[in-house]
Amino acid sequence: MHPVDDRTGRRIVPDTSRRADRLPGSRYGTRPTMKDVAARAGVGLKTVSRVVNGEPGVTPDTERRVQEAIDALGFRRNDSARVLRKGRTASIGLVLEDLADPFYGPLSRAVEEVARAHGALLINGSSAEDPEREQELALALCARRVDGLVVIPAGDDHRYLEPEIRAGVATVFVDRPAGMIDADVVLSDSYGGARDGVAHLIAHGHRRIGFIGDMPRIHTAVERLRGYQTAMEDAGIAVEAAWTSLGVTDPERVRRAAEEMLSGPEPITAIFAGNNRVTVTVIRVLAEQSRPVALVGFDDIELAELLHPGLTVVAQDAALLGRTAAERLFRQLDGTLMAPERIELPTRLITRGSGELPPAD
């Protein structure tokens, strides 16, 4: 009798059609080795090694036979021994905040392009804004012998990476600085960008301007709030406590913050949104309002110019961030860099209409 699957009630019939191709007790076949290639091609193991590694000393006819055997068997070179010999894996790790965030798409792509230009493989993962997950992921990549790390930090204590850096793992932080260690960092000018965006709203007549940002432990959120406060202070406008809100960027929290700012006897007339996720929720809230409310967002979003009015944003160049960080990383690996540096890239105000609306009252 055949066993029965308790969940489906179906009989389990073992597949014996390819059993002869598998190891006894194994579900899968075995990978072909260089010995298998040598036997099929009728050559010595050293000859196969020379062909696989592109070394000289093999006749064209022999190389052709070896290559045909490689193709027929589906042989793939095992790089483990090469790693041990060379001390390099030709791979780098990228620790992102959220793989689903559109901001990180061009950043990741830029890091990958630089890695490819240096003959390296990129391995990435997401911390989900969890410091423990960030540490776990970064150390897991180090355990796999990556040559370097590009990290968008979720935590504020990166001393756990000190032994890895001393051991030669090149490390560059992006978007936010490292915590409690001295390391290279590539940032956008969050403070200056937010200050310029809020000053733009003030220049269009707004005095009651709300700020909705990310969690207060995040460097960029704090810097953008500081830019907002500076612009308001420079204009002689006293900021009321109810006009600012920092917290998680899930739609429910952002919606609640926006609706509270837009209610009452003296509601705000403009909002500065601290990042693209906040901006998307604020757009939905403003679409439900009976009066026009000006909006400037930090980070550009897809189809921003097709909204009515178009979305005014403070744009940062995510691809340039990634490319600058990756190039810095490979300069570390090449030994051409010494002391860690802080590199701050400028932002750009893009006016499309939403930030130029005058106050409704």
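**View 1. Here's an open sheet built from six strands, with mixed pairing.**
In this predicted model, the strands line up in the order β7-β6-β8-β9-β10-β12. The edge places go to β7 (244-246) and β12 (348-350), and each has a single partner strand, so one side of each has no neighbour in the sheet. From one strand to the next, the twist averages 15 degrees. If you're new to sheets, keep in mind that strands pair through backbone hydrogen bonds, either parallel or antiparallel.

**View 2. Let's zoom in on β6 and β8, two strands that run parallel.**
Strand β6 covers residues 209-213 and strand β8 covers residues 270-273. How many bridges join β6 to β8? There are four. To find your place along the pair, look for F211, which sits opposite F272 in β8.

**View 3. Two helices, α8 and α10, meet this sheet.**
Helix α8 (residues 190-203) packs on the sheet and touches β6, β8, β9 (294-298), β10 (312-315) and β12. The direction of α8 makes about 170 degrees with that of β9. Helix α10, for its part, lies across β6, β7 and β8. It runs at about 170 degrees to β6.

**View 4. Now see how α10 crosses another helix, α11.**
Two packed helices are described by the angle between their axes and the distance between the axes. Here, the axes of α10 (residues 251-261) and α11 (residues 276-287) come within 9 Å and cross at roughly 55 degrees. That angle makes α10 oblique to α11. The crossing is right-handed. Which residues meet at this contact? On the α10 side you'll find P251, V254, R255, A258 and E259, and on the α11 side V278, T281, V282, R284 and V285. Sorted by type, the residues of this contact come out as six nonpolar, one polar and three charged.

**View 5. Here's another open sheet of six strands, this one with parallel pairing.**
Its order is β2-β1-β3-β4-β5-β11. Which strands stand at the edges? They are β2 and β11 (342-345), each with a single partner strand, so one side of each is left free of a sheet neighbour. The twist averages 15 degrees from one strand to the next. Inside the sheet, four bridges join β3 (residues 148-151) to β4 (residues 170-174), and these strands run parallel. A handy spot to look for is G148, which stands opposite A170 in β4. Helix α12 (residues 318-334) lies across β1 (91-96), β3, β4, β5 (184-188) and β11. Compared with β4, α12 runs at about 160 degrees.

**View 6. Two loops hold some backbone oddities, at P309 and E129.**
Most residues other than glycine have a negative phi, and most peptide bonds are trans. In the loop between β9 and β10 you'll find P309. A cis peptide bond joins H308 to P309, with omega at about -5 degrees. Over in the loop between β2 (121-126) and α6 (131-143) sits E129. E129 isn't a glycine, yet its phi is positive, at about 60 degrees.

**View 7. Finally, a look at the predictor's confidence, with residues 12-27 in focus.**
Across the protein, pLDDT averages 90, and 89% of the residues score at least 70. Over residues 12-27, though, pLDDT stays under 50. For that stretch, the model has 14 contacts beyond four places in sequence.

Terms used: Residues numbered from 1 in each chain as written. Predicted model: local features only at pLDDT ≥ 70, side-chain atom pairs only at ≥ 80, totals over all residues. Heavy atoms only, no water. Axes fitted to C-alpha atoms, helices over the stretch in contact; angles between N-to-C directions. Parallel < 35°, antiparallel > 145°, perpendicular 65-115°, else oblique. Left-handed = near helix turned anticlockwise from the far one by under 90°. Contact = heavy atoms within 4.5 Å. Nonpolar A, V, L, I, M, F, W, Y, C, P; charged D, E, K, R; others polar. Pairing = 2+ DSSP bridges. pLDDT = per-residue confidence, 0-100.
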